[in-house]
Amino acid sequence: MPVYSVYIVSKSGGLIFHSDFPSMPRVEVEKTFSYPLDMTLSYQNVLKRVVVVFGQRDGVCVGHAVMAVNGVTVNGRLLEDGRDVEAVVADEANYPLSIRFGRPRLTTNERIVLASTFHSFYAIASQLSPEPKSSGIEVLEAGAFRLHCFQTVTGIKFIVLADARQASLEPLLRRLFELYADYALKNPFYSLEMPIRCELFDTNLQAAVEQMERTGISNV
C-alpha cells in the first residue's frame, strides 16, 4: 500500500520534518466551458494562485486552483504567454474555454499550521478519554487516506499518511523513530526542536518507505 507523506512534530507542536512521496495522488480535472463561466475565480495572494472561490461542478471544487487554460500553463495570475488569467476568463471572445483545475500543493506555512493543529487535537483526544493516561490519536480514517501517529515518551510525534486500505503502520513508525534517533539525535550539530536537515536521514527514510511498499509492512 502506498505511503503519501511523513511528518515529524516536536513536543511543542512545531513541524520539524515533512516529506511527500511520488505515490501522493495529484487531483486534476479539465473541463471545457461556455460563456459565461458558471463559477467565480479569484487570485489569492496567500496561495499565489487563481482559485475557485464560488460554485463547483463535475469534480471542480471551491479551493481548486487554475493550472492551465487551453493547454497554456498558469504561473501565479498569468499564463505563460503573459496574459492575465482573470481577463482571459472574463472575455467572451475566448470561449469555448478549456480550463484545467487542480488541488494546489500545501505551502510550508500551511504545513506548519496543520502540524500545530494536529498537536492540539492529539492533546484534546487524550483529555477526552474516559480512561486515565490514554494515548491521543493513533489512527484517523478518512475516505481517501488513513493517518497513523506514533508519539514517543519524549513527546515527538511521527505521522504517516497512507492509503486508506493500510491497516497498520506501527513497524514503519517505529523504524522512523530509530532513524530519527540515529541520524538526528546522535548528530552533534542537531538541536532539539529544530528542523531536521540531514541527507542520511532523508536517504534512509526513503529506503524504509520503499521497502515497506515493495515487501510489506512486516519487513521494514
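Among the contacts in this chain that join residues at least 6 apart in sequence, 53% link residues that are at least 24 apart. The model is a predicted one, and its chain holds four helices and twelve strands. Taken along the principal axes, the C-alpha atoms fill a box of roughly 65 × 40 × 35 Å. Of the 220 residues in the chain, 36% are buried, while the accessible surface comes to about 12,400 Å², with 53% of that area belonging to carbon and sulfur atoms.

The chain is divided into two domains, of which domain 1 is made of two segments, 3-24 and 107-216, and domain 2 covers residues 28-102. Taken over C-alpha atoms, the centres of domain 1 and domain 2 are separated by 35 Å.

A good place to begin a closer reading is the sheet that contains β1. Five strands form this open sheet, in the order β2-β1-β12-β11-β10, and their pairing is antiparallel. Its edges are β2, residues 15-20, and β10, residues 139-141, each of which pairs on one side only. From one strand to the next, the twist averages 15°. Within this arrangement, strand β1 (residues 3-9) and strand β12 (residues 157-163) run antiparallel and are joined by six bridges; to follow the register between them, one may start from I8, whose bridge partner in β12 is F158.

Helices also pack against these strands. Helix α3, spanning residues 170-185, packs on the sheet and touches β1, β2, β11 and β12, its direction making about 135° with that of β12. Helix α2, which spans residues 108-128, lies across β1, β2, β11 (145-151) and β12, and runs at about 115° to β2.

The edge strand β2 offers a residue for inspection at the level of individual contacts, namely S19, which lies in that strand. Is S19 buried or exposed? Its relative accessible area is 18%, and because a residue counts as buried when that value is under 20%, S19 is classed as buried. If residues up to four places away in sequence are not counted, S19 touches Y4, S5, V6 and L205.

Attention can now turn to strands β4 and β5. Strand β4 (residues 40-44) pairs in the antiparallel sense with strand β5 (residues 49-54), over five bridges. In this pairing L41 stands opposite V52 of β5. The hairpin formed by β4 and β5 has four residues between the strands, and in it K48 takes a positive phi near 60°. In a regular strand the side chains alternate between the two faces of the sheet. Strand β4 can be read with this in mind: L41 and Y43 make up its covered face, whereas T40, S42 and Q44 make up the uncovered one.

The cysteines close the tour. A disulfide is a covalent bond between the sulfur atoms of two cysteines. How many disulfides does the model have under a rule that asks for a pair of cysteine sulfur atoms within 2.5 Å? The count by that rule comes to zero. Two of the cysteines can still be described by their surroundings: C149 is buried, with a relative accessible area of 6%, whereas C61, at 32% relative accessibility, counts as partly exposed because its value falls between the limits of 20% and 50%.

Conventions:
Residues numbered from 1 in each chain as written. Predicted model: local features only at pLDDT ≥ 70, side-chain atom pairs only at ≥ 80, totals over all residues. Heavy atoms only, no water. Pairing = 2+ DSSP bridges. Helix = DSSP H or I, 4+ residues; strand = E, 2+ residues; numbered from the N terminus. Axes fitted to C-alpha atoms, helices over the stretch in contact; angles between N-to-C directions. Contact = heavy atoms within 4.5 Å. Domains from an automatic or database assignment. Buried < 20%, exposed > 50% of the residue type's maximum accessible area, 1.4 Å probe, protein only. Areas by Shrake-Rupley, 256 points an atom, 1.4 Å probe, with all protein chains shown as cover. Disulfide = S-S within 2.5 Å.
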